[in-house]
Structures are given as structure tokens and as C-alpha cells.
Amino acid sequence: MIVVRCDACGGKVAFDADVGVVRCLFCASVALEPVPADERPPLPEDVVPFGLDRESAQERFRAWTRASWWRPKELASVAAELGRQALHAALLELDHPITGQRMRFASPLPDDISAALEGQWDDIPRRSLEAIAVEAYRTGALTESQVRRLLGLETRFQVHALLKDHHVPLRYTAADLEDDVQAQRDLGILPSR
Ligand SMILES: [Zn+2]
């Protein structure tokens, strides 16, 4: 067992000594420093071996990206090009446990994921925002009108088309009804209150 620390991202990874080319699991860098014995994390007493080898795991990953509406299908080829896990937390939002203040952390896509998506997605920030908006709609975090405003779409039919592309069923909520009623009031179709 060898333990290395990544110069690029600081991640620490333990490998079996017989692994050929070693890359950082987090950023795929090969700039790795051996960690001195006294700084190594304690090794586990027992290890459960993986049931799948690398090949079949990748094949299942590709099948999974094809089966799920949420994972853009381009990810299957992107993951193969990256040489590391294509994981990225674009947005984290939480209420501070003591002050109660809403905290929001956004981080742009790493260069290698951006580069791999380049040419597959015409506009990466836009497609990322759409994916987040659709997921937020699916889980009920955003209403249809909120999705429309977030994405700057002019009509709800554009929202419907986007949801259809992502195989997300429409959900009509009381808030949507309220928005529709307000829009009709603004247009003079319904009397204003
Ligand atoms: Zn790294």
C-alpha cells in the first residue's frame, strides 16, 4: 500500500503498490508526492473487495447515463475522457446553523470537465443552468413560473418543451395557478382585485 498526496488539489489517496499508473482520484493529476509513514491515515483492518472490475463498472456507468434523464447522455463519453470521476458540486446552499443566514457557494466547472463538454454542449453555463432548473422543478423546489423566470424564457410553452426534453412530467401547483391568475389580471382578461 502506498499513500500519496496530490500537489494540484491536496487530495490524499492510498493505492495498492502493484497499480501501474497512479493518478489523483479527485483531479487526475500525476503530480503526486509520497506521504511520510507517520502522516499516513490508519489503514483499515479489513477490506471488502469490489464485486466489479473496472471494465464492467464503466459499462454499467455508460448504461446508467443512457437510462437516466437527469444525466446528460454526453457524460458517458466525457467520463471516459476525463480519467477521473466526473463529479462537480456547482452550487451549495444552506442556512448557517448559528446565525441562520442563507449561505451560497457556487463554483464554476473545472477546466477539464469544461473542455470535455466543449463541442458537445453548445453553451455549457446555459445547459448547466437548465439542468439545475429542471432538477429543481422535478423535486418541487421551483415552480414552473420560477423556472421560466430563472431561465429568462418568455412563455410557459418553452418551459414545457424543456421539461419534455428532460422527460419530466408537468406539475400544476397552486402557485402556478396564482401566477396565471395574476398574469390574466395584468392583461385585463380578469378584473383586478
Ligand atoms: Zn488532485
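Let me start with strand β4, residues 91-95, which is hardly covered in this predicted model: of its five residues, the number that count as buried is zero. Its partner is strand β5, residues 102-106, and the two strands run antiparallel, joined by five bridges. If you want one pair to find on the screen, take Leu91, whose bridge partner in β5 is Ala106. Between the two strands of this hairpin there are six residues, and Gly100 in the hairpin takes a positive phi, near 80°.

Now to the other sheet on my list, which is an open one made of three strands in the order β2-β1-β3, with antiparallel pairing. The edge strands are β2 and β3, each of which pairs on one side only. Neighbouring strands in this sheet are turned against each other by 35° on average, if direction is ignored. As a reminder, strands of a sheet pair through backbone hydrogen bonds, and they may do so in a parallel or an antiparallel way.

Let me take the two pairings of this sheet in turn, beginning with β1 and β2, which run antiparallel and are joined by four bridges. Within that pairing, Val3 has Ala14 of β2 as its bridge partner. The two strands form a hairpin with five residues between them, and in the turn Gly10 has a positive phi of about 85°. On the other side, β1, which covers residues 2-6, pairs with β3 in the antiparallel sense over three bridges. Here Cys6 has Leu32 of β3 as its bridge partner, and Arg5 stands opposite Glu33, also in β3.

While we are in this part of the chain, which residue has a positive phi of about 70° although it is not a glycine? That residue is Ala28, and its place is in the loop between β2, residues 12-15, and β3, residues 32-34. Ala28 has 16 other C-beta atoms within 10 Å, and for that reason it is classed as partly exposed, a class that lies between the cut-offs of 12 or fewer for exposed and 20 or more for buried.

Turning to the helices, I would like to begin with Ser114, which lies in helix α3, residues 111-117. Ser114 counts as partly exposed because it has 15 C-beta neighbours inside 10 Å. If we leave aside its neighbours within four places in sequence, Ser114 is in contact with Leu109 and Ile124. For the second of these, Ser114 and Ile124 are 10 residues apart in sequence, and their C-alpha atoms are 7.4 Å apart in space.

Next comes a pair of packed helices, and packed helices are described by the angle between their axes and the distance between those axes. Helix α4, residues 124-138, packs with helix α5, residues 144-151, at an angle of about 170°, and their axes are 10 Å apart. Angles over 145 degrees count as roughly antiparallel, and α4 and α5 are therefore roughly antiparallel to each other. On the α4 side the contact is made by Leu129, Glu130, Ala133 and Tyr137, and on the α5 side by Glu144, Val147, Leu150 and Leu151. Sorted by class, the contact of α4 with α5 has six nonpolar residues, two charged residues and no polar ones.

Further along, in the loop between α6, residues 156-165, and α7, we come to His167, which has a positive phi of about 60° although it is not a glycine. Is His167 buried or exposed? It has 11 other C-beta atoms within 10 Å, so His167 is exposed.

That brings me to helix α7 itself, residues 174-186, where we can check the length against expectation. At 1.5 Å a residue, its 13 residues should span 18 Å, and the end C-alpha atoms are 18 Å apart, so the two values agree. Leu177 lies in this helix, and Leu177 counts as exposed because it has 10 C-beta neighbours inside 10 Å. Its C-alpha atom is separated by 9.8 Å from that of Ser145, a residue 32 places away along the chain. Finally, α7 is followed by Gly188, whose phi is positive, near 80°.

Notes:
Residues numbered from 1 in each chain as written. Predicted model: local features only at pLDDT ≥ 70, side-chain atom pairs only at ≥ 80, totals over all residues. Expected span 1.5 Å × (residues − 1). Pairing = 2+ DSSP bridges. Axes fitted to C-alpha atoms, helices over the stretch in contact; angles between N-to-C directions. Parallel < 35°, antiparallel > 145°, perpendicular 65-115°, else oblique. Contact = placed C-beta atoms within 7 Å. Nonpolar A, V, L, I, M, F, W, Y, C, P; charged D, E, K, R; others polar.
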